[in-house]
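Reader: Hi! Could you walk me through this structure?
Author: Happy to, here it is.
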Amino acid sequence: MGDWHGPQGPFDIPDVPDYVPRRLKPWIFILFVLIVQFSGGVYLAAATDMVGTTALMQEDILMAGYASLIGMSINFCVMFRLKFRFSNRVSLLACAMVLLIATVICAHTTNVALLVGTCFVAGWFRMWATFACNSTIQLWLTPKRDMAVFFCYVYLVVDGVIQLSGLGTIYTAFFSQWEYMHWIMAGLLALMMVLVMVLVKPFRGMPQIPLLGIDWIGAGLWSVFMLCFTFVCVYGNYFDWWEAQEIVWAMVLGIVCALINLWRATFLHHPYITFQALTNRNVVRATLVYMVFFTLLATEHVFEHSYAAAILGFDETNLIDLNWYVLVGIIVGCWFTWRTFALRKWRYKTMTAIGFALAAVYLAYFYFMIDYGVEKEMLFIPLFTRGCASVIISIVFLTSIVQSGLHFFVFPQALTVNGFTGAVMGATFGPAVVGELLRHVMARNAANLSAALTDFNPDAVHIPLGQLYGMVQQQALVVSMKEIYGMLLIVALVVLTTILVSYGPLRPAAIFPKWRTIRRLFRKEMRAGELHKV
């Protein structure tokens, strides 16, 4: 991706006026990143409150939340073009305005299509604003343009905000209503617009590059494919999978859109995602690792809430307090990866093994300790290790994409694939598989427990039917969760053993090229494209 860059002069941001202290300038953009990351769509932590006060289902809210992630992922292919076309001032003002409107819409609409579409658009603009800010302070974070260092910061902010937004949403709903979180963020976005107009100049250091030669049709088709994939995973259990026409048609539409895009990639000069990005060894390896790893951690979405609420009796505030444990794990995981992987250049194999080992600890803890009398403080270890493991794997394999040897024009396409497989597929495919497995295992265990109660316990007939049914379901849930935790633990240990016995000497060396070099490459490619048309 580029050569080593030596130390430069004192870091400065020419977009910000000189009357602002130089040391304060990067922190202004970090403030913008935090506001943007907190906004732009539904808050999944408030799903229960939204279901109770609107006509929406849990699946509708999940679909809207994942649509925001798809919007962020699909933006990767054009984020450099947007960077070279618009100034930071224009970009941040436009994104803040769109996110403000999206925040207001999401607080009021009960139309599922409008909600999903709004969240998709909000995700696209949220990625644009985030990249505009992070690319501006990149040299402040890592003067050598070492992407392993940069990604530690990125995941600290992104994953940390996910936990903090859940905490803020539940606390806001506890003291008032869930809609107030949207109004708070609308106010912060309005404040951000004021700060941008006051503190960010319309600076243009180099000539701008027009948005020509972008395959917008391909972007739309890939977006539909990703939305269809997510729809099948989110609504599959609700519609009983292939027994419902909605799931079948969503699958057919997604496959058709993917095939059309692959066909167009065979003859288009600049397809939105090329075969180079889809077949790159590092991209394929990262996709496979994400599929396995996040399936192992899918119990987060399927079990943890049910276990803490139904078995341990936690209310919403106690449930959301568990986010603090995960947040500590994220902070420690980012710090550990920065110290070992980014600075000391530990091998990819070593870091991957550590990530899967932590996932195995998470699964083993729940397998051996799951019970009716677990205290909230006892959940610190598994939730801490889960947060730590997820950021380690994400940082390591995103860095491997930068070090994959792809041409810089293909590199953003690989980021789109990585964003979809890591964020969207990781959050939908694994829970769909584990959720379906839980349904079958729990039905079998409930049948066995019911037979045992009626055959071997004569006093069971004197227990009220509703109470008896609840006891059976609760016991079946605990037994089923322990059984599935055991299955996943075996898979984690097998994968960990495979990693340990494999040979992997590669160490991180992902250096980002200079912005002037990137701009020159894009301008050269545009001229070549114009000549190709002639």
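Author: One term to start: buried means under 20% relative accessible area, exposed over 50%, and partly exposed in between (1.4 Å probe, protein chains only). This is a predicted model, where local features need pLDDT of at least 70, side-chain atom pairs count only at pLDDT 80 or more, and totals for chains, interfaces and linings use all residues. Residues are numbered from 1 along each chain as its sequence is written, and side-chain values use heavy atoms, with hydrogens and water left out.

Reader: Cool! Are Tyr290 and Phe397 buried or exposed?
Author: Tyr290 and Phe397 are both buried.

Reader: And how many aromatic pairs are there in the whole structure?
Author: The search finds 30. Rings of Phe, Tyr and Trp (its six-membered ring) pair if their centres lie within 6.5 Å; planes under 30 degrees apart are stacked, over 60 edge-to-face, and the rest tilted. Tyr290 and Phe397 form an edge-to-face pair, 6.3 Å centre to centre with 65° between the planes. Tyr290 sits in helix α13 (residues 281-296) and Phe397 in helix α17 (residues 380-402), 107 residues apart. Helices here are DSSP runs (H or I, at least four residues), numbered from the N terminus.

Reader: Which residues do ring pairs link into a cluster with those two?
Author: Phe293, Phe294 and Phe356 join Tyr290 and Phe397 in that cluster. Phe293 and Phe294 are both buried too.

Reader: New topic: how do α3 and α6 cross?
Author: The crossing of α3 and α6 is right-handed, meaning that the near helix is turned clockwise from the far one by less than a right angle.

Note on methods. Helices (H or I, at least four residues) and strands (E, at least two) are DSSP runs, numbered from the N terminus.
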